[in-house]
Amino acid sequence: MESQDRPRDRNRFEIAIICALALEANAVLCSLDEIWHDAPPIYGRAPGDQNHYVFGRSGRHPVVVLTLAGMGNVQSAGAAASLNMSFGSIQLVLLVGICGAVPFGPGGQEIILGDVIVSEVLVRLDFGRQYPTGFKRKDTILDAPGKPNEEILSLLQRWKSQLMAQQLHINMMQHLTTLMQHPQIETENHISLDQLFAPEYIHRHHIGCTECSLADSVCDIALNASCEELGCDQNMLVYRARRSGCDTRNGPSQQIHLGSIGTADMVMKSAQHRDELAASEGIIAFEMEGAGVWDKFNCLIVKGVCDYADSHKNKKWQGYAAAVAAATAKEILEQYVSHDIAASLTSRFPSSRQVFLAQSADAESQEVQDTNDLVPREIFDKIARDFKRKFPPEQVEDFQSTDLLIFRKALKRLQDEQQRTRELRNLRRIELFMQRIDALGRFVQHLSGSQEILCLI
Ligand SMILES: [Zn+2]
Ligand SMILES: [Zn+2]
């Protein structure tokens, strides 16, 4: 993608990648095919937007990369709101970085350090009400983040096919191999420090400390010490087949797990609490920024496992885990392109290319034609017909528009209103409608190289 092919303005970026930590952003930036160092002043940002962005290209996608000023859902919500203000056309946000995971998934499958978790469902762990009888978490889709929207679900569905999952994995490992050659990437995966202790075995002084000798008590020194310093007993390690006898230099191949991720503004450092949540919620990983982004964008959380969310955790695996997550995100974007733009539209509307070409040739012959003729009306009308009957007439009137940007804004306004009144069914319908119309716009632009697509219901 040469510089002349870069998006003309910031409203043409459709992919954002958000990272909470500098080491996560470093891995993502190293995985990009281009970084446009001169771009920030060209694209600018909306008034009030406090974020600083890096622009570049991953595969065929222009991407905007954002590093949060700190960890947690409050930070991510504020940053996502600003991102939304500055970049009006973002279709997909990948939240990429590191996480703690449960060592065994719901089906008993082993999860080891360096594996990657991709969110199927986000469970907000700290959102609910405190009753005298205990904390009751709210878990409906309207009250807290939950399942992703239809577009993300269909992407996830692909990877449930064994063939597509295998392809995702193979390509991810290829990206990882390339990424590992980057001079700014940490290549060591510290196999010997991938230690899983029994849940009841606490990380603390095991001899000679009064505070640590009390039941369920850990002193401050022990909290910040390593297992080696405290002499945590190797006999308390849990056996895992994937780590057993593996090559200490290369280790086993990293795996990608789809599943539920728990999010909260707290670091999970208790194996017993971890296992309770895994059992009750089916959670396979824990992170701290998902809810803030999930609320505002189509979002996939892609996180490399750097610890087991227990008291024995250390930071040695963070750099490597971030690299595996960045490699996975890169492959997800590769597949997002092929699935979302050309493939889906051509298969859904096989005659669209002919329709468009016929119309544009006609427009050329008449020199200055009504710009509406540039629209492949049959395609647009089909989408509108699918949805039109589901919207009241006054809303359809709102959609009447002369260009894609105004049209999208009208839909966004309606969507915001619905969000306030929590009319979920209509909200989802509008989302899907917007995605189809946006995809149509991109598709026609892709075919024509034309400047703007005009449309009218
Ligand atoms: Zn102690
Ligand atoms: Zn320990």
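A residue is classed as buried if 20 or more other C-beta atoms lie within 10 Å of its own, and as exposed if 12 or fewer do. In this predicted model, A309 has 26 other C-beta atoms within 10 Å and is therefore buried. This residue is placed in the loop between β11 (299–307) and α11 (318–348). The backbone of A309 adopts a positive phi of about 55 degrees, although the residue is not a glycine. Most residues other than glycine have a negative phi.

A positive phi is also found at D216, again a residue other than glycine, with a value near 55 degrees. D216 belongs to the loop between α6 and α7 (220–223). Its surroundings contain 6 other C-beta atoms within 10 Å, so D216 is exposed. The two residues thus fall into opposite classes, A309 being buried and D216 exposed.

A further loop position is E188, which lies between α5 (162–180) and α6 (210–213). Because E188 has 10 C-beta neighbours inside 10 Å, it counts as exposed. Along the chain, E188 and G319 are 131 residues apart, while their C-alpha atoms are separated by 8.4 Å.

Confidence varies along the model. The protein chain has an average pLDDT of 79, and 67% of the residues score at least 70. Over residues 140–144, pLDDT stays under 50, and the model has ten contacts beyond four places in sequence for this stretch. Residues 338–376 likewise remain under a pLDDT of 50, with 48 contacts beyond four places in sequence.

Conventions
Residues numbered from 1 in each chain as written. Chains lettered and ligands numbered in written order. Predicted model: local features only at pLDDT ≥ 70, side-chain atom pairs only at ≥ 80, totals over all residues. Helix = DSSP H or I, 4+ residues; strand = E, 2+ residues; numbered from the N terminus. pLDDT = per-residue confidence, 0-100. Contact = placed C-beta atoms within 7 Å.
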